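Biologist: Thanks for sitting down with me. Could you walk me through how the labels in this model were reached?

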Amino acid sequence: MLRAAIVEINVLGAIHAVIDSRKVDLGSRKQRALIALLALRHGTPVPIDEIIEALWENQSPGAPQSLVHTYVARLRQVMEPDTPARRRTNVIGHSGTGYQLRLPPDAVDVSRFHSHADHGLQLLASGAAGEAYGLLRRALGEWPASLSTDLESLLPGCEDVTLLRGKWTTVAMAYVRAGLTSKGAVAVLPTAERLAQVDPLNEAAQALYLETQRRAGHGASALSHYDRIRTRLQAELGVEPGHELRRVHRQLVAAGGNRVPGPPSGGWLGPGPAVDPLIDREDELRQLRDLLVQQRLITLSGPAGAGKSAVARAAAAAARPDFRDGVAVVDLATACGTADAADAVRRTLHPMLPHRHAAPARPFEDLAGRQILLLLDNAENVLEPCAGLVDDLLRSCPQARVLVTSRELLGLPYETILTIGPLRPPGPETPADPAALLSVPAVALFARRATQACPSFSVDEDNCALVATICRRLDGLPLALELAARVLRTTGLPELAEQCRDPLRLLDASRRGTPAHHRSLHAAVVRTVDRLPLVEQQCLALVSGMEEPVSPDMVEKTARSYCDRDVRIDLRPLLDRLVDKSLLMARHDEHGTSYRMLRTIRRIGLQLLDRFGAAPSVANALCQETIR
């Protein structure tokens, strides 16, 4: 008699089976979705109708029941290959009008998670925090480190998946509370931080993270985080922090007193650098590191979505040992005017300062003699206030350095400019094989983010042509590539490649945990274009309708050809301003100056062209403006 194989099912992460310690591929997306649903309902029969609804939602194909039976038969063959076809019911059994898993609870990772979690929660409720801590730790250990699973992409809209995610949050919060009681704050600080990142608008999770930071001795960092959460709640929900957050904040303020310290020696204040290493930014990081030694003000410029913030924060992290009094990062993305910008800088540099405390007359008057690097991130919407703050700091603090990220230059006379562009996308000459494609920076980033969103994704011979097309159509823009990778959770590669013909429309979905202007390409680009003076919008619209490469003479000749009278015009200053604002990219060679624009910018420009009434109307308006 043949020994029965030992089968395990894993759905927390990449969905797969393990048979006799050997990982086994479960086949197509629908087959993996079916086994995942049975695992989520382990121990309970799942009716055929509910399987059909979960696999196809409201778009089921013809004869869906027959397809379900086919998927079950294939899964049975994979997991019981040595068993006669009619007897393959040891893993997936038929029950009434549906199917169910017939594996023991410890053979399914999601069942192990529920078992450890439920027992741990009961112990914590009874006051046994030490015992609860161990069980809850085992429960969380069933999940991958990134918390990414295939479940959301294979079973979109499935209530079981939503409930499972919610239970992870409940268990993680219970684990942190148990650890604070029995093991100390340092032991559970990483989990508390992950909670805060995963659910940024969950006030209970944020309050628990602040409490854990406070007990771990990170009061300054906790107060800085509170300010970011308060700003986000106001911006996204229009509310002030609730009772629990305010309570923890009062404790933090009381512990810090009313003193106004500068940044801790060698420390880091404000948002930190990205967790993942950057791709193909070694040259920019080396240039920035050198410039921070030589210059006092550097502006890192580039188009929307090029990754300026990530590069600047990575450079600041690398340069931190050079600044005795540390690095302070101020995100100005939500600032609106001088008061907001000054308050954001004040709250970052002085994190122990209560909100009711009066600000110094000059934000930097107590920083004289400090050796500090101040990074002002996303400064383009408060350029004038930012320029004033920078000038004040550099005159008040001779040893300070300032690094600014902005799509537009500050315009200060001592400003040093470094411009970055998108990642290199695959060219027509790039071989269509996975190894060659993955050596291309844009593809490498897309593949990394796609794998994080869908752990089962990989670039292979079957999909490498589609991946190359997607990266080319997105111009290699890091923001676009990351947004597209997230769309893969609910969209197949062929559909995504087709929709990338118009990325502004495609990538317009909310992303939690990101600033509003980074949730879609349209939001990122239009934020710059909407602030342009009318004449610059008209110039951008005219150029967007021309074939590249575009020279200044070509733009002026085109404008004159549409005018109703013979005029002499000079559009070069307008074109230069569009370059300064990262909307055009200039190239200088033996043939002179030429301009090109990213597809995303061109889309916005063509929309402007339609709004202004097509090229003749725009050209006439430009002629009238430029001859005045």
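Biologist: Which residues touch the most other members of the largest nonpolar core?

Modeller: Happy to start there, keeping in mind that this is a predicted model. Phe-446, Phe-457 and Leu-540 touch the most other members, in a core of 87 residues. Helix 17 (residues 441-453) gives the largest share of this core, eight residues.

Biologist: What is Leu-540 in contact with, leaving aside its neighbours within four places in sequence?

Modeller: Its partners are Val-529, Leu-532, Leu-578, Leu-583, Met-597, Ile-601 and Leu-608. Contact here asks for heavy atoms within 4.5 Å.

Biologist: And what does the second core include?

Modeller: That one is separate and has 74 residues, among them Ile-35, Leu-75, Leu-140 and Ala-205.

Biologist: Let's turn to the rings. How many aromatic pairs are there?

Modeller: The count comes to four. One of the aromatic pairs is formed by Tyr-133 and Tyr-175.

Biologist: Why is the pair of Tyr-133 and Tyr-175 called stacked?

Modeller: Two values settle that. The ring centres must lie within 6.5 Å to pair, and planes under 30 degrees apart count as stacked. Tyr-133 and Tyr-175 are 4.9 Å apart centre to centre, with 20 degrees between the planes, so they meet both cut-offs and the pair is stacked.

Biologist: What makes this a link between distant parts of the chain?

Modeller: Tyr-133 sits in helix 5 (residues 129-141) and Tyr-175 in helix 7 (residues 159-182), 42 residues apart. Both tyrosines are buried, too.

Biologist: Now the backbone. Why is Asp-475 called buried, and Asp-280 partly exposed?

Modeller: Buried means under 20% relative accessible area, and partly exposed lies between that and over 50%, which is exposed. Asp-475 has a relative accessible area of 9%, so it is buried. Asp-280 has 38% relative accessibility, so it counts as partly exposed.

Biologist: What is the phi of each of these two residues?

Modeller: Phi of Asp-280 is near 55 degrees, a positive value in a residue other than glycine. For Asp-475, phi is near 60 degrees, again positive in a non-glycine residue. Asp-280 is in the loop between strand 7 (268-269) and helix 12 (282-294), and Asp-475 is in the loop between helix 18 (464-473) and helix 19 (478-487).

Biologist: One last point: is the peptide bond from Glu-548 to Pro-549 cis or trans?

Modeller: That bond is cis, with omega near -5 degrees. Pro-549 is in the loop between helix 23 (534-544) and helix 24 (552-562).

Notes. Residues are numbered from 1 along each chain as its sequence is written. This is a predicted model: local features need pLDDT of at least 70, side-chain atom pairs count only at pLDDT 80 or more; totals for chains, interfaces and linings use all residues. Side-chain values use heavy atoms; hydrogens and water are left out. Rings of Phe, Tyr and Trp (its six-membered ring) pair if their centres lie within 6.5 Å; planes under 30 degrees apart count as stacked, over 60 as edge-to-face and the rest as tilted. Helices (H or I, at least four residues) and strands (E, at least two) are DSSP runs, numbered from the N terminus. Buried means under 20% relative accessible area, exposed over 50%, partly exposed in between (1.4 Å probe, protein chains only). A nonpolar core is a set of buried Ala, Val, Leu, Ile, Met, Phe, Trp, Tyr and Cys residues joined through side-chain atoms within 4.5 Å.
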